[in-house]
Amino acid sequence: MEIISKVLFWVANSLLIPDIIILLILFARSLLLLGGFYNQFITKRKNDKIVNPLIETLTQESIKELQIALPKKDNSLYIKYLKSLLDNTINEAYADFTISNFENDLEKDLSLSKMLAKLGPVLGLIGTLIAMSPALVGLSTGDISGMAYNMQVVFATTVVGLVVSAIGLVTLQVKQRWYAKEVNNLDYVARIATGNIN
């Protein structure tokens, strides 16, 4: 039994460094995600000011007006798929295909936020529990400096894991709201464009 316990202890301790490295990589990735999210927010605000009033008053006669008003560059997934939809307004099957592709692409975009929201706390907890063991050993042997160092690792991994998770969760929630509205808009535009308004 003692041999098994030592093997488990050795395996657990050997996971601390990979856990910290992965946490740092995810932290850097979450900061990049935050920057991209801010850029996406600014772009979305600009696009919505142009597109939303036209969609709210959209008729088959005003589709050309909407096409002309769209930004020249595909600065977001929504604009890209809206252009594609408006370029093929007669085909109802193509409209359904376009909206399905948009939903697939938005799931890809949300996957990073989902991963960060789930992995952040898990890796933070792993780092916490692994570093807690040597801290308790240091406490029992009177090695206060060793215990203090390990407690720093305990708190650091917990905090970094929670920050990563918070960034993932906030971006996920906001993007899901954005994309739900955009899917609804695409569906509405498709119905008006194809004449299927029932």
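A salt bridge here is a side-chain nitrogen of Lys or Arg within 4 Å of a carboxyl oxygen of Asp or Glu. Lys44 and Glu182 meet that description, with their side chains 3.5 Å apart, N to O. Please keep in mind that this is a predicted model.

## Charged pairs

Let us stay with Lys44 and Glu182 for a moment. Lys44 lies in helix α2 and Glu182 in helix α6, so this salt bridge ties together parts that are 138 residues apart in sequence. Are the two partners buried or exposed? Lys44 is buried, with a relative accessible area of 13%, and Glu182 counts as buried too, at 8% relative accessibility. The pair also has company: Lys44, Asp48 and Glu182 are linked in a network of salt bridges.

Side chains of opposite charge can pair when their charged atoms come close. By the rule above, the count comes to six salt bridges. Three of them are set out here.

| Salt bridge | N to O distance |
|---|---|
| Lys44 and Glu182 | 3.5 Å |
| Asp105 and Lys108 | 3.7 Å |
| Asp109 and Lys175 | 3.3 Å |

The Asp109 and Lys175 pair links distant parts of the chain, with Asp109 in helix α5, Lys175 in helix α6 and their positions 66 residues apart. Asp109 counts as partly exposed, at 25% relative accessibility, while Lys175 counts as buried, at 2%.

Asp105 and Lys108 make a local pair: both lie in helix α5, three residues apart, which is about one turn of the helix. An α-helix has 3.6 residues a turn, so residues three or four places apart point the same way. Asp105 is buried, with a relative accessible area of 19%; the cut-off for buried is under 20%. Lys108, in contrast, is exposed, with a relative accessible area of 59%.

## Aromatic pairs

Now for the rings. A search of the whole structure finds five aromatic pairs. In one of these, the ring centres of Tyr81 and Phe102 are 5.6 Å apart and the planes stand at 65 degrees, so the pair is edge-to-face; the angle that counts as edge-to-face is over 60 degrees. Tyr81 lies in helix α4 (residues 77-87) and Phe102 in helix α5 (residues 92-141), so the contact ties together parts that are 21 residues apart in sequence. Tyr81 is buried, with a relative accessible area of 10%, and Phe102 is buried, at 0%.

Which other ring does Phe102 pair with? Phe102 and Tyr179 form an edge-to-face pair as well, 6.0 Å centre to centre and with 80 degrees between the planes. This pair links distant parts of the chain, as Phe102 is in helix α5 and Tyr179 is in helix α6 (residues 144-194), 77 residues apart. Tyr179 counts as buried, at 5% relative accessibility. Elsewhere, ring pairs link Phe37, Phe41 and Trp178 into a cluster.

## The nonpolar cores

Phe102 appears again in the interior. The largest nonpolar core has 26 residues, and those with the most contacts inside it are Val51, Leu66, Tyr78, Leu82, Phe102 and Leu186. Helices α2, α3 (63-69), α4, α5 and α6 each supply at least two residues of this core. Which helix gives the most? That is α6, with eight residues.

What does Leu82 touch? Leaving aside its neighbours within four places in sequence, Leu82 is in contact with Val51, Leu70, Leu186 and Val189. A second, separate core of eight residues includes Leu23, Leu33, Leu116 and Ile167.

Helix α4 deserves its own look. Eight of its eleven residues are buried, so α4 is largely enclosed by the rest of the structure. Among these buried residues are Tyr78, Tyr81, Leu82 and Lys83.

## Towards the surface

Ile50 lies in helix α2 (residues 16-56) and counts as partly exposed, at 37% relative accessibility. The C-alpha atoms of Ile50 and Leu66 are separated by 9.0 Å, with the two residues 16 apart along the chain.

At the surface, Ile3, Val7, Trp10, Val11 and Leu15 form a nonpolar patch, with about 540 Å² of accessible area together. Trp10 lies in helix α1 (residues 2-14) and is exposed, with a relative accessible area of 61%.

Methods
Residues numbered from 1 in each chain as written. Predicted model: local features only at pLDDT ≥ 70, side-chain atom pairs only at ≥ 80, totals over all residues. Heavy atoms only, no water. Phe/Tyr/Trp six-rings, centres within 6.5 Å; stacked < 30°, edge-to-face > 60°. Helix = DSSP H or I, 4+ residues; strand = E, 2+ residues; numbered from the N terminus. Buried < 20%, exposed > 50% of the residue type's maximum accessible area, 1.4 Å probe, protein only. Patch = residues over 30% accessible without salt bridge, like charges linked within 9 Å, V, L, I, M, F, W, Y side chains within 5 Å. Areas by Shrake-Rupley, 256 points an atom, 1.4 Å probe, with all protein chains shown as cover. Core = buried A, V, L, I, M, F, W, Y, C linked by side-chain atoms within 4.5 Å. Contact = heavy atoms within 4.5 Å.
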